[in-house]
Amino acid sequence: MYEFDWSSIPGALPFLAKGMLVSLEIMVAAVVIGIVWGTLLAMMRLSSIKPLSWFAAGYVNTFRAIPLVMVLLWFFLIVPHLLEQLLGVPRGTDMRLGSAIAGFALFEAAYYSEIIRAGIQSVSKGQMAAASALGMNYWQSMRLVVLPQAFRNMVPLLLTQGIILFQDTSLVYVSALADFFGTASKVGDRDGRLVEMLLFAGAVYFVLCFSASQLVRFYQKRLKTA
Amino acid sequence: MISINNVNKHYGAFQVLTDCTTHVNKGEVVVVCGPSGSGKSTLIKCVNGLEPFQSGGITVNGVAVGDPKTNLSKLRSHVGMVFQNFELFPHMSIAKNLSIAQTKVLGRDLAEAEVKGLQLLDRVGLKAHAHKFPGQLSGGQQQRVAIARALAMDPICMLFDEPTSALDPEMINEVLDVMTELAQEGMTMMCVTHEMGFAKRVAHRVVFMDHGRIVEDDSKEAFFDSPRSERAHQFLAKILQH
Amino acid sequence: MAYNWNWEVFLQPSATGSGTYFDWMVYGFKTTIGLSLTAWLIALLLGALVGVLRTVPNKLLSGIAAAYVEVFRNIPLLVQLFLWYFVLPELLPTELGNAFKQSNPFVQQFLSSMLCLGLFTSARVAEQVRSGIESLPRGQKNAGLAIGFTLPQTYRYVLLPMAFRLVVPPLTSEFLNIFKNSAVCSTIGLLELAAQGRQLVDYTAQPYESFIAVTLAYVVINVTVMVLMRRVEARVRVPGFIGGK
Ligand SMILES: Nc1ncnc2c1ncn2[C@@H]1O[C@H](COP(=O)(O)OP(=O)(O)OP(=O)(O)O)[C@@H](O)[C@H]1O
Ligand SMILES: [Mg+2]
């Protein structure tokens, strides 16, 4: 039977905390950029200007067809190469954090845009008509009437997607970037206590994501009764 | 046939049924009415054990419904029930809706079940629709199929929970006609309905419920001519205005 | 740009000497497909079971099912994969663990990946099945019981056939996800498509061609699955049922 030895964990906590900061940094940046870009994509998709709508549809469908791991590999292996050649960025510059954020943000935007599009469509056509009848132009109607209602309904979905994104940040492992999980597995390897470290990391993710999803659920209930 | 004795039921602190007692004899048609939320659906669902109750007793044909030893499925297989929203099985053809329980519950063979199903469809005037799916029929047609589905099990009595209240006015009569015919053939029936015309024509007795209590339980003549309680007065006044 | 495009690189003999680089791609493609399909089978069977259990009146059973779903949903896929691959063999009884560790590395990687993806996806399938069952009108269950079906019969003849039809569209997206998620298994050394893409970058000096080819292969899988599932959806459509069109 395996004998557990958890003694290496306390010493590793400062490293793990630093890793967690990296994970959170990636998540927050990607969520913010992803939602902004996703909203734009959703509006393009619903726009009556055909080329814009085609572009958004193409973008979303392409990103949704490709594994996140592949997108990240593009951003870690190919894009830096491209930047070196095109912009003359010095060889060997560490762009991994920036690449990770860019990769996640562009990828997640495709998913956010679908959530947001459904949210906009769920606000009845009558609302847009009513806003126009009051003399508002397209942007005013969108900004003052449609989007606020749409976002209110979407918040739980957007938050849930954020939790998924947080879990997915562990995939920066493919670039050896020291996020929470990368740090845990590195320290575990170093100390020869990979089993304990991986179990610990799994437990931390579980506690964080489970609590967050319970909060979202609670919020969702309140939205319904409100 | 159906005997309800001092039944009490509550959801948590909320008392839905209080001391309900009534009896339906063989061949009798009893209409249950009362304001919305008064517990009519709950009472009728207690009769075939779809809703559990906390105290009191119900027997159907001598079988105690609340007894944990009672085989409820067996009991229900010969107590027909018709629902407000029809509840046909949407993924099966009409013919299959009529035969599935005959074969799986009663163990009849398929050919026999299908013949029986068709006979009953014919009886409710829908033989030509046997191959269709429920979603392709009108509400009134669906409800007639639902009645035929219950009859296919050769029920000893029938329970109806507002069978016409989800229907457009022009379809109500086609369903009531089928029910009237059934009653005239001597079927034992317990019907929750607001169709007072049906009650006047067909019922033997009327049970009036309010706030979970059976307030009146009388012959239809007595109920319509001289209701004893103030609530029943108001209820009748309101409903007969239309 | 001073990049030499060379698509013929795929026809060159590979560094290991056996076959061409195109054969590497084919090998990765086959692994991805084999892994995803076997994992999908597990996910469907377990997911249907757990999803049904979540809706039964028995509090203990539905509680266990809920816990199952939460565990697999709230731990990142990569972490789960490492737990299957690195941790589980250590925790197994010594003999079983050793047998696993001494088996062919491909078998180790494939088994871990298959179980990991299968169980991870089963939790999602379970949620879809549960919401499918819960979205059926409440009266359907009563109608099944009222006609004399037992509870298991009501599930079998009334609730499940309808729930599964309702669940096909959301399951399509889970089915697509399992192919995409399988790329995570490259991290434990399984030579599926993404891993072969990385190898191609290392071995040939043609990173763009390699990645474009691999990415396109994923797109092809995606489109194929979508077309197939459209057919399934058309097949199970219930005539006259709203939402079934
Ligand atoms: N599952 C439940 N939990 C809590 N309360 C319930 C539940 N089901 C019904 N009730 C309550 O029990 C009361 C009686 O409900 P019931 O459906 O029997 O009324 P009803 O007389 O059939 O009304 P209606 O004419 O609207 O069908 C209502 O006040 C209802 O709110
Ligand atoms: Mg009712």
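Helices here are DSSP runs of H or I, at least four residues long, numbered from the N terminus. With that in place, I can start. What you have in front of you is a predicted model.

I'll begin with one residue in chain A. Thr39(A) sits in helix α1 of chain A, which covers residues 8-46. Is Thr39(A) buried or exposed? Its relative accessibility is 12%, so Thr39(A) counts as buried, the cut-off for that being under 20%. What does Thr39(A) touch, once neighbours within four places in sequence are set aside? Ile116(A) and Phe151(A) are in contact with Thr39(A).

Now chain C, taken alone. The secondary structure of chain C amounts to 9 helices, with 0 strands. In sequence order that gives α-α-α-α-α-α-α-α-α. If you look along the principal axes, the C-alpha trace of chain C spans about 75 × 50 × 30 Å. Chain C has 245 residues, and 54% of them are buried. On contacts: taking those in chain C with a separation of 6 or more, 73% are between residues 24 or more positions apart. The area that chain C exposes is about 11100 Å², and 66% of that is supplied by carbon and sulfur atoms.

Next, the interface of chain C with chain A. On the chain C side 32 residues take part, in contact with 36 residues of chain A. The two chains bury about 3400 Å² between them, with carbon and sulfur atoms giving 74% of that area. Which residues of chain C lose the most area to chain A? They are Asn74(C), Tyr208(C) and Phe211(C), and together they account for 18% of what the chain C side buries.

For the polar side of this interface, the count is 1 salt bridge between chain C and chain A. The side chains involved are those of Glu70(C) and Arg217(A), at 3.0 Å from N to O. There are also 6 residue pairs in polar contact between chain C and chain A, both residues of each pair being at pLDDT 80 or more.

Where on chain C does that surface come from? Four helices of chain C each supply at least two residues to the side touching chain A: α2 (59-73), α3 (77-91), α8 (193-203) and α9 (207-236). The largest share comes from α9(C), with 9 residues. By residue class, the side of chain C that touches chain A has 21 nonpolar, 6 polar and 5 charged residues.

Chain C also meets chain B. Here 24 residues of chain B are in contact with 22 residues of chain C. The area buried between chain B and chain C is about 1900 Å², and carbon and sulfur atoms give 67% of it. How many salt bridges are there between chain B and chain C? The count is 0. Residue pairs in polar contact between chain B and chain C number 4, again with both residues at pLDDT 80 or more.

On the chain B side, the elements that each supply at least two residues to the surface touching chain C are α2 (72-77), β6 (79-82) and α3 (94-104). The residues on that side of chain B divide into 13 nonpolar, 6 polar and 5 charged.

To recap the two interfaces: chain C and chain A bury about 3400 Å², with a count of 1 salt bridge. Chain B and chain C bury about 1900 Å², with a count of 0 salt bridges.

Notes
Residues numbered from 1 in each chain as written. Chains lettered and ligands numbered in written order. Predicted model: local features only at pLDDT ≥ 70, side-chain atom pairs only at ≥ 80, totals over all residues. Heavy atoms only, no water. Contact = heavy atoms within 4.5 Å. Buried area = accessible area lost by both parts, 1.4 Å probe. Salt bridge = Lys/Arg side-chain N within 4 Å of Asp/Glu carboxyl O. Polar contact = N/O pair within 3.5 Å; in protein donor to acceptor, adjacent residues only side chain to side chain. Nonpolar A, V, L, I, M, F, W, Y, C, P; charged D, E, K, R; others polar. Buried < 20%, exposed > 50% of the residue type's maximum accessible area, 1.4 Å probe, protein only. Areas by Shrake-Rupley, 256 points an atom, 1.4 Å probe, with all protein chains shown as cover.
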